[in-house]
Amino acid sequence: MTGDDLLIRRAEKSDADAVFALARDFGLTFRPERDAFDAALPTLLADDDALLLAAVVGGRVHGYLLGFVHLTLFANGPVAWVEEALVQSGSRRQGMGRALLEEFERWARSRDARYVAMATRRAPEFYHALGYEASATFYRKVLR
């Protein structure tokens with residue numbers, strides 16, 4: 001793959017099968033269910049505060065990123081949050097993750113976000129190389 005082959009674009013409804021397959025690889029605690037995915041996708045695609053990006057090579061989706069911008073009180077304005085980011089295992093280390101994050105950062109800046117953040121334990125070297133720094137501990141409680 002060359003840089004000319006990679007297209008980062010907003011995901012479309014026609015990307016549903018490919019994104020769902022990737023989302024299934026993403027989940028550790030949760031196993032994505034197709035009915036829930038199909039219900040959520042149109043809402044996310046229509047949400048002005050959400051951005052679902054697809055990394056496409058040769059007409060095939062090899063990765064995606066889902067993120068949001070939301071208002072805060074402490075940061076004097078909006079912040080951006082990456083909820084999900086995944087590149088297919090056979091397509092890693094080819095610049096797709098970097099390109100997805102850089103496009104998300106451009107979008108976040110256009111929305112006047114003060115920073116971009118995410119919660120992950122995976123690939124810390126990758127995020128450090130892009131200028132991200134560890135900032136806080138992440139707590140969660142699964143509600144069933």
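Let's start with a bit of vocabulary: a residue counts as buried when its relative accessible area is under 20%, as exposed when it is over 50%, and as partly exposed in between (1.4 Å probe, protein chains only). What you have in front of you is a predicted model, where local features need pLDDT of at least 70 and side-chain atom pairs count only at pLDDT 80 or more, while totals for chains, interfaces and linings use all residues. Residues are numbered from 1 along each chain as its sequence is written, and side-chain values use heavy atoms, with hydrogens and water left out.

Helix α1 is a good place to begin. Helices and strands here are DSSP runs, numbered from the N terminus (H or I and at least four residues for a helix, E and at least two for a strand). Helix α1 covers residues 16–26, and its buried residues are A16, V19, F20, L22 and A23. Looking down the axis of α1, you'd find these buried residues within an arc of 165 degrees, so they line one face of the helix; the arc is that of the directions from the helix axis to the C-beta atoms. An α-helix has 3.6 residues a turn, so residues three or four places apart point the same way. Over on the other side of α1, D17 and D25 are exposed. And what covers the buried residues? The cover includes α2 (34–46), β3 (60–71) and β4 (78–87).

One link between α1 and α2 is a pair of rings. Rings of Phe, Tyr and Trp (its six-membered ring) pair if their centres lie within 6.5 Å; planes under 30 degrees apart count as stacked, over 60 as edge-to-face and the rest as tilted. The structure holds 3 aromatic pairs. In one of them, F20 and F37 meet edge-to-face, 5.2 Å centre to centre with 65 degrees between the planes. F20 sits in α1 and F37 in α2, so the pair ties together parts that are 17 residues apart in sequence. F20 is buried at 9% relative accessible area, and F37 is buried too, at 14%. F20 has another partner: the charged end of R34 sits over its ring, 4.9 Å from the centre. For that, NZ of Lys or CZ of Arg must be within 6 Å of the ring centre and within 35 degrees of the ring normal.

Now for the inside. A nonpolar core is a set of buried Ala, Val, Leu, Ile, Met, Phe, Trp, Tyr and Cys residues joined through side-chain atoms within 4.5 Å. The largest one has 24 residues, and L101 and F104 touch the most other members. Its largest share, 7 residues, comes from α3. Contact means heavy atoms within 4.5 Å, and leaving out residues up to four places away in sequence, L101 touches L65, V82, M118, F126, Y127, L130 and Y132. Apart from this core lies another, of 15 residues, with V19, A23, V61 and L66 among them.

Finally, take a look at the loops. Most residues other than glycine have a negative phi, and most peptide bonds are trans. N76 is not a glycine, yet it has a positive phi of about 60 degrees. You'll find N76 in the loop between β3 and β4, where it is exposed, with a relative accessible area of 62%. D112, also not a glycine, has a positive phi of about 65 degrees, and its place is in the loop between α3 and β5.
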